[in-house]
Every structure is written in C-alpha cells, then in structure tokens.
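Please open the structure in your viewer and keep the sequence beside it, so that each selection can be followed in both.

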Amino acid sequence: ARLASTSSQSETLRAQLADFDVRVASALMRELEDGEPTASANLRRLGRPTTAPFLLGVTGHGGVGKSSLVSALTTHWRQRDWRVCVLAIDPSSSMTGGALFGDRLRMRAHATDSHVFVRSAGTRGHWGGVSATTAELVDVMQHMQPHVLVVETVGTGQAEAAIAEIVDVTLLVSMPRTGDDVQAMKGGILEVADLIVVNKCDLPGAGQAAAELGTAQRW
C-alpha cells in the first residue's frame, strides 16, 4: 500500500523505521525512486535522524569483489551485534528502470538476518556510480538506526567519485593483474579514497598492485 502523506503519520513512520521495519522502509524507498511527491514529503517530515551511523562507501571496478567484501564485513559487524544497512547501486534494466541484479542476488548469507537490510537501487542513467535518489535512500536507512550503513557503487570505474559526497569514509577495492589499479590512477577515485583494499590477494602481483596504488595516492 502507498504510504500516507499526512503529517499525522510521521510519528508512526519514524517509529516503524527505528524498529527496523524492512517492509515500511522498502515501500518508502520504492516511492522515492519512482518520484512520488508524497514520498519526498514524508521523508522531509521525519526531519533529521536521531542517531548517526557510520557511513561507508565501497567503490571500485566491476568484478573486484566489492559485494563479497561487504558481506564479509557484515558478518564481522553482526558478530558485534550491530545492525547493518547496505544500499547497493546496480545497473538499471532497460525495460523497467529498476536494479538489474537486485538485492535477492546479494549477500545471501544474511538473507534471514532480521538485523541486516540490503536494498538495491538502479542508477536509471545517473552518472557517478550512484543513483539520483541515493542521498534520499540513505536518509531512509539512517532513520532505521543501524550502526553501519554501507553504500556500494555500481562499479563503473573512474566515474565513481560522487560517493565521497555522501559517506564518511570511501573504500576503494582493487585486485591484482587486471589493470584496475592503473585505471584508478588515471581517474578521480584515487583522490577521494580514504582506504584502498587490494582484494583477491592470493593472486600473483598483489604486493606490486598494493605498492603502486600506495605510491599513486601519495602523488
């Protein structure tokens, strides 16, 4: 059902989100992506979240293992009994405009965990590795009062620097022997990355890739 737009519903909506109600959060986020005016009004009436989760942006070229790394981090955070929200920006379907991969294909190990919320959002042609509504979707998740909120970009490569404007810390994921480290040196990602992870470090060339990225970041 479509969420009510009257101000009398604001307290109920705020309480439902704070209670980690995934159904309510998903409905509001879907309406925001669809451009429903009542959804934006509902979000504005909520005001600022009462708590501030740690906002982590995870970026990097497609196929370097961003989702696997986020899943492993989520397992670590859940061992500390932290609530976790993950917003995964995916390529958009040319037919529906929705996320091409979808949250059902991500982080299956956490699918039954009531304290982990994974949501996919399509870019819908938006440039920069995020979607046009990413900031609003992040606001909704902040109202769910997670300890950690992760935004994983679409994996387009050099154009992903926009994520740094949304999160507290930007983590760049690379891997050896793919040319991804060289591309990062040429693009704007390296300039905004707070942390760099060389994933799949069992592959040959991991040490060299880490050294090259470290040197490039100090330029």
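The tour below moves from a strand to its neighbours, then to a loop residue, and ends with pairs of charged side chains. Bear in mind throughout that this is a predicted model.

**The strand β4**

Begin by selecting residues 148-152, which make up β4. Is this strand enclosed or open to the outside? Five of the five residues of β4 are buried, so the strand is largely enclosed by the rest of the structure. If you colour the two faces separately, you will find V148, V150 and E152 on one side and L149 and V151 on the other, and both faces are covered.

**The strands paired with β4**

Next, add residues 54-59, the strand β1, which runs parallel to β4 and is joined to it by five bridges. To find one of these bridges, select F54, whose partner in β4 is V148. Then add residues 84-90, the strand β2, which is also parallel to β4 and joined to it by five bridges. Here V84 is the residue to pick, and its bridge partner in β4 is again V148.

**The loop after β4**

Now move to T153, which lies in the loop between β4 and β5, the latter covering residues 169-174. With a relative accessibility of 1%, T153 counts as buried. Show its side chain together with that of T59, and you will see a polar contact between the two at 3.1 Å.

**Pairs of opposite charge**

Side chains of opposite charge can pair when their charged atoms come close. How many salt bridges does the model contain? The count comes to five, and the stops that follow visit some of them.

Select R119 and E33, which form a salt bridge with their closest N and O atoms 3.3 Å apart. Because R119 lies in strand β3 (residues 116-122) and E33 in helix α2 (residues 22-33), this pair ties together parts that are 86 residues apart in sequence. Both R119 and E33 are buried.

Continue with R48 and D139, whose side chains meet in a salt bridge at 3.7 Å, N to O. This pair links distant parts of the chain, 91 residues apart, with R48 in the loop between α3 and β1 and D139 in helix α5 (residues 134-143). R48 counts as exposed, at 58% relative accessibility.

Finally, select R78 and D81, whose side chains meet in a salt bridge at 3.7 Å, N to O. R78 counts as buried at 18% relative accessibility, whereas D81 is exposed, with a relative accessible area of 55%. Add D113 to the selection to complete the view, since R78, D81 and D113 are linked in a network of salt bridges.

How values were computed:
Residues numbered from 1 in each chain as written. Predicted model: local features only at pLDDT ≥ 70, side-chain atom pairs only at ≥ 80, totals over all residues. Heavy atoms only, no water. Helix = DSSP H or I, 4+ residues; strand = E, 2+ residues; numbered from the N terminus. Buried < 20%, exposed > 50% of the residue type's maximum accessible area, 1.4 Å probe, protein only. Polar contact = N/O pair within 3.5 Å; in protein donor to acceptor, adjacent residues only side chain to side chain. Pairing = 2+ DSSP bridges. Salt bridge = Lys/Arg side-chain N within 4 Å of Asp/Glu carboxyl O.
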